[in-house]
Amino acid sequence: MSWRSLVGRSPRSVAGQVFVLQVALVLLLVVSAVVALILQSSRDNQAEAKRRSIAVAQTFAHAPGVREALKSPAPSKVLQPLTEAGRRAAGVDFIVVMDTNGIRYTHPLPDRIGKRFVGTIEPSLAGRVFTESVQGPLGREVQATVPIAGPDGKVTALVSAGLKVNSVTSQVNRQLPIILGAGAGALAVSTAGTALVSRRLRRQTHSLAADEMNRMYEHHDAVLHSVREGVLIVDDGRLLLVNDEARRLLELSPDAEGRHVGELSGLDPETVDLLVSGRETNDEVHFAGDRLLAVNQRRTDQVSGPRGTVVTLRDTTELQAVSGRAEVARERLKLLYDAGLGVGTTLDVIRTAEELARISVPRFADFVTVDLADGVLEGEEPARTATDMRRVAAHGTRDDHPLYEVDRLIDFLPSTPQARGYGSGRSELVTDLSAATGWQAQDPERTREIIDYGIHSLIAAPIRARGAVLGMVNFWRTKQHDPFDGEELSLAEELVARAAVSIDNARRFTREHAMAVTLQRSLLPRALPEQSALDVGSRYIPAQSGVSGDWFDVLPLPGSRVALVVGDVVGHGLHAAATMGRLRTAVQTFASLDLPPDELLSHLDDLVGRIDQDESPADGDAPIVGATCLYAIYDPVTRRCTMARAGHPAPALVRPDGEVHYPDLPGGPPLGLGGMPFRTAEFDLADGTQLVLYTDGLIEDRSRDLDVGQELLRRALSGRPDRSPEDSCRAVVETLLPAGPKDDVALLIARTRALPPGQVASWDVPCDPSAVAGMREAVSARLGDWGLAELGFAMELVLSELVTNAIRYGCEPIRVRLILDRTLICEVSDGSSTSPHLRYAATTDEGGRGLFLVAQMTERWGTRYTSQGKVIWAEQALPEPAAPFPAPAAPPDERH
């Protein structure tokens, strides 16, 4: 019997496919059975090995003489022969006796005696039988360990017996020929039976006539593929087949099949002519009673099929109605889709309301107004009643509508649809406003104008989010359109629901943004301190998406000097603002110590590193703190400015002639990295020079890089040297940030003012106590020239103490300087770095009261260190009103 005779004339025949499928199933079943038998045999052998190991180990553990042998001086000498004899008799590969520490007394390999047992002994030490598979001295082993208990029940030793895995596997291998042979026989018998069944099926299939099979397939396939339309099959004008849809459309009788088309009653004559002619048509329209049918007709013998025509009928009257409804549904879905994309593009409450109003006109309503609870605009929770409603958006097809204008505060009466919808949280539909007396009671005169204008229908939909009603959206229609209906009410609710989420998000963002801005502004200086060295203008502009850690500060220092600082903390939000406050406080503290810029930044760098360590939890979710900073000190006496920066953009200098340049200021790493020193740079600034300090948000943006931003800043500052710092700040912001910043911006512009030479006097003091008296006379004379003779006694006392301390405890050069500014400042400098300390002297002490007197006679005093030594300074308040400053009668530098 050949293969082709078994499976049929073609491998793709039904008999051939059935044969292949049956052979595959038989093969799968036989293979599964063989695998199952192999696995079962292996499992049984494994279980038998474990049972045999347990039985041998327990038998040997309870054998007479074992306990006595364990107590003998040489247990291995007694037990080794016994275990070997027992191993051979029981058919196991090893019997090992060991103490409770796992040290073997016996083993088939004598060199393993005295070594530690390979396996787990803790369960057996607890009195249990334990089986396991380990990699032992004989290879992979299956072993059982049992305890040997003494008369008192305490475990005194252990016995382990087992077999090698190879021994178990060999038993399985001996059974494989039988299993495989049985499987092969079953496969052969099953395949032979399958072949006979397939041959029988082929014969039965070919007993059918081919034309009957083809006709059955073609006609039924045509019906199955045309179930949504009426189908007719006509041959020589005789109706061969008609489906149920065709019977319904043509109202045919049950006995219509087999009859001539001309004999059928109820058919339009033109339709009968078309069916009899057999000509091809495409969507040819014919009447059938009160229906309008689109008829398509094709011949069936174009692809070697049987003679005849197939006719399809489609009811276009219903299709037209459905198409109209589908078009309306499509437009509504398109409106919802566009609303999902076009509403809520920003986190602005009013902008979101305007987007909803614009997208709904004129596609859904002729006019749309949006009223929100007034507190929502400030980020607060809405009120419970529809009072204090603010109209935030109004849009329509015309601008001359009589509806309430935008920004009007409205109190809706309880009888109005807006108040009812606001209170219940459900939409209100008013199909005829002229008959709605509750709505007209709100404002009779205006409602009459609205009706006269042609507005006749209203949907008032509440804006609900998170269980609260934020406001109302009012959809209005005029006489050009039909009134709203129930389906359109659902559409309005869906539109408002999509916008409600965006409005609520914008409200929550407004609240959080206001809180963060309030926090940051509270941490920034409320007013710049009064001082004479600089004319200062400043700006802080929060980002549109939230605040960050930008800050600035102006800090007066001793000696009429002023410190300027600008910084930027990495990140956004409350955490960055709080970190900024901590850094600003630290800068003020370090500045009060009068540290140089590089030392101040080093201390600030250590602080940021400690903040990182303190705020880093075990899971590592805390944000890493990083910051940049620029610190500058300006001295109006010497007109010298000292600067240092830590990862911050370099400042801009505007010379008195209007030229702008960026000084070559050494850059340092951002704060928090640690390990790198900071460098300072000193510049002599002409009187009227402007210092421009800023954060990177001013010059850097996604749309431009740093170089472009610096060039724009240069253009905004150049050419206007007479402009005040405040006007310069305004011009810079308008030029570089026309649409608002994406990041926070801090801007500080300071114009330098040099202290007139007539308000400064200095003397060199020899290191001789007798020079103190001469210094008192010189200082008194200068105070008299300044019109401050009344301060002479206190200043002479202070000067005597400071100069005496410098002569006694310091070293040359010793110099005295008087500065007349908003206060009278006395400075005594020397070349020593030792600092005096204020202390309380005992009644028996002869000294120690000098600095105490200085502190009592002055408003402030302190010490600052320089590269040449130290400066001790003291300030006295000027009398009110201060005397005018006369021109100096002598050069500022005098020798004594």
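In which sense do strand 1 and strand 4 pair, and over how many bridges? Strand 1 (residues 94–99) runs antiparallel to strand 4, with six bridges between them; pairing here takes at least two DSSP bridges, and strands are DSSP E runs of at least two residues. This is a predicted model, where local features need pLDDT of at least 70 and side-chain atom pairs count only at pLDDT 80 or more, while totals for chains, interfaces and linings use all residues. Residues are numbered from 1 along each chain as its sequence is written, and side-chain values use heavy atoms, leaving out hydrogens and water.

On the strand 1 side, M98 has L158 of strand 4 as its bridge partner. Strand 4 also pairs with strand 3 (residues 139–149), again antiparallel, over nine bridges, and there A149 is matched with V155. Strands 3 and 4 make a hairpin with five residues between them, and G153 in the turn shows a positive phi of about 85°. Strand 4 (residues 155–164) is largely enclosed by the rest of the structure, because eight of its 10 residues are buried (under 20% relative accessible area, 1.4 Å probe, protein chains only).

Elsewhere, the largest nonpolar core (buried Ala, Val, Leu, Ile, Met, Phe, Trp, Tyr and Cys joined through side-chain atoms within 4.5 Å) holds 53 residues, and W551, L564, L583, L604 and Y631 have the most contacts inside it. Leaving aside residues up to four places away in sequence, L604 touches L583, A586, V587, F590, C629 and L671 (heavy atoms within 4.5 Å). Another core, of 46 residues, lies apart from that one and includes A365, V370, A373 and A500.

Key
Buried < 20%, exposed > 50% of the residue type's maximum accessible area, 1.4 Å probe, protein only. Helix = DSSP H or I, 4+ residues; strand = E, 2+ residues; numbered from the N terminus.
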